[in-house]
Amino acid sequence: MTSDVTTLISPVEALIAAERVTVAYENDPVIVDVDLTIEPGDMIGIVGPSGSGKSTLFRALLGSVPLHSGSVSRRAGLTVGLVPQVERIDWNFPVTVAECVAMARAGGWRTPWIRRGERREIDAVLERLGLDGLAGRHIRNLSGGQQQRVFLARAMFTGAEAIFLDEPTSGLDVTTRHEVLHLLDDLNRDGVTIVLSTHDLNGIATHLPTIVCLNRSVIGAGTPADVLTPDVLERTYGSPMEILEHGGMRVVVDSGHGSSLLPLRRDVGA
Ligand code: ADP
């Protein structure tokens, strides 16, 4: 992954390559000249404040919004799973966990009845995600973390090579957030490419190997150590931030919002 597609990355190997992508809603540019390459096995966090264009960049990468200019190429036959924000889903839709997972195949346009032979596959995925025993439960009666994992199960059931997650830990408590991050790390170690968006620097971004700071355009891209600098953070979040060392931890001090402990890089698989 890099912000300079043409010089550092072979487009042949990339899953998705965006070059100088601009997207505008009603002639108002929302992301401008974005270069981004996603390679197999990447685990990338798209970081930026609300309204900085993270969802729009997802849509551009996945081909669900017209480009004003630039190009996005996707590797032929690429399978991608999208995990939306759990808060934006109508959880009253009358299906069980197993049915919800089964519906992910054929683009969701099928009856929720589980085909013969699929049940074992679904049970295996649910077990992998710690959802065993919940197959017959209505999706409404799940915790936020379990709902998040149902969508991960859908992506895994389709055999997606890359999983995109929109604010995956939004609304989750700290423990559940860590569980979701561990799961994503496990999936990534199994070779699944993970791309997620987040506004949460301290809780998520610093746990990832690669961060892309976005605010209309790519402000910085690289490891947290490379990217989490006062300059990049100020240009991304629009307010001055200082980074201090304290007891082996990095502390980001945002004069507008107080301070918080910021581990530079944690091995989420540990
Ligand atoms: P983020 O995901 O970082 O919050 P978005 O990509 O959702 O950012 O939004 C970026 C900007 O584009 C915001 O100002 C938002 O109001 C605007 N926007 C997003 N989607 C639409 C749309 N369908 N039509 C018009 N404006 C939109």
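This dialogue explains how to read the strands, helices, ligand site and one loop residue of a predicted model.

Reader: On what basis should the model be read?

Author: The model is predicted, so local features are reported only at pLDDT of at least 70 and side-chain atom pairs only at pLDDT 80 or more, whereas totals for chains, interfaces and linings use all residues. Residues are numbered from 1 along each chain as its sequence is written, and side-chain values use heavy atoms, with hydrogens and water left out.

Reader: How many helices and strands are in the protein?

Author: Helices (H or I, at least four residues) and strands (E, at least two) are DSSP runs, numbered from the N terminus. The protein has eight helices and twelve strands. Buried residues (under 20% relative accessible area with a 1.4 Å probe and protein chains only; exposed is over 50%, partly exposed in between) make up 50% of its 270 residues. Contact means heavy atoms within 4.5 Å. Of the contacts with a separation of 6 or more, 63% are between residues 24 or more positions apart.

Reader: What is the strand order of the open sheet of six strands?

Author: Strands of a sheet pair through backbone hydrogen bonds, either parallel or antiparallel. Two strands are counted as paired if DSSP finds at least two bridges between them. Here the order is β5-β6-β7-β3-β8-β9, and the pairing is mixed. The edges are β5 (80-83) and β9 (217-222); each has a single partner strand, so one side of each is left without a neighbour in the sheet. From one strand to the next, the twist averages 15°; axes are lines fitted to C-alpha atoms, for helices over the stretch in contact, and angles run from 0 to 180 degrees between N-to-C directions.

Reader: Which strands show the mixed pairing?

Author: Strand β7 runs parallel to β3, with five bridges joining the two, and Ile44 stands opposite Val195 in β7. Five bridges also join β6 to β7, again in parallel, and there Ile163 stands opposite Ile194. By contrast, β8 (residues 210-215) and β9 run antiparallel and are joined by five bridges, with Leu214 opposite Val218.

Reader: Is β7 enclosed or open to its surroundings?

Author: Six of the six residues of β7 are buried, so the strand is largely enclosed by the rest of the structure. Thr193, Val195 and Ser197 point one way, while Ile194, Leu196 and Thr198 point the other way, and all are buried.

Reader: Where do helices lie across this sheet?

Author: Helix α5 (residues 144-157) lies across β5 and β6 (162-166), and runs at about 170° to β5. Helix α6 (residues 174-189) lies across β3 (43-47), β6 and β7 (193-198), at about 150° to β7. The expected span of a helix is 1.5 Å times one less than its number of residues. With 14 residues, α5 reaches 20 Å from its first C-alpha to its last, close to the expected 20 Å. As 13 of those 14 residues are buried, α5 is largely enclosed by the rest of the structure. Just after α5, Gly159 takes a positive phi of about 70°.

Reader: How is the open sheet of three strands arranged?

Author: Its order is β2-β1-β4, with antiparallel pairing. Strands β2 (28-38) and β4 (69-74) stand at the edges with a single partner strand each, so one side of each is left without a neighbour in the sheet. Neighbouring strands of this sheet are turned by 25° against each other on average, direction ignored. Five bridges link β1 (residues 16-25) to β4 in the antiparallel sense, and Ala17 stands opposite Ser73 in β4.

Reader: Which residues surround the ligand?

Author: A residue is near a molecule if one of its heavy atoms lies within 4 Å of it. The residues surrounding the ligand are Tyr25, Val30, Pro49, Ser50, Gly51, Ser52, Gly53, Lys54, Ser55, Thr56 and Arg59. A backbone N or O atom of Gly53 lies 3.1 Å from a ligand oxygen atom. In the side chain of Lys54, an N or O atom is 2.9 Å from an oxygen atom of the ligand, and for the side chain of Thr56 the distance is 2.5 Å.

Reader: What does Glu167 contact in its loop?

Author: Glu167 is placed in the loop between β6 and α6, and is buried, with a relative accessible area of 10%. A polar contact is a pair of N or O atoms within 3.5 Å; within protein, one must be able to donate a hydrogen and the other to accept it, and residues adjacent in sequence count only if both atoms are side-chain atoms. Such a contact, of 3.0 Å, joins the side chains of Glu167 and His199. Leaving aside neighbours within four places in sequence, Glu167 is in contact with Lys54, Gln85, Ser197, Thr198 and His199.
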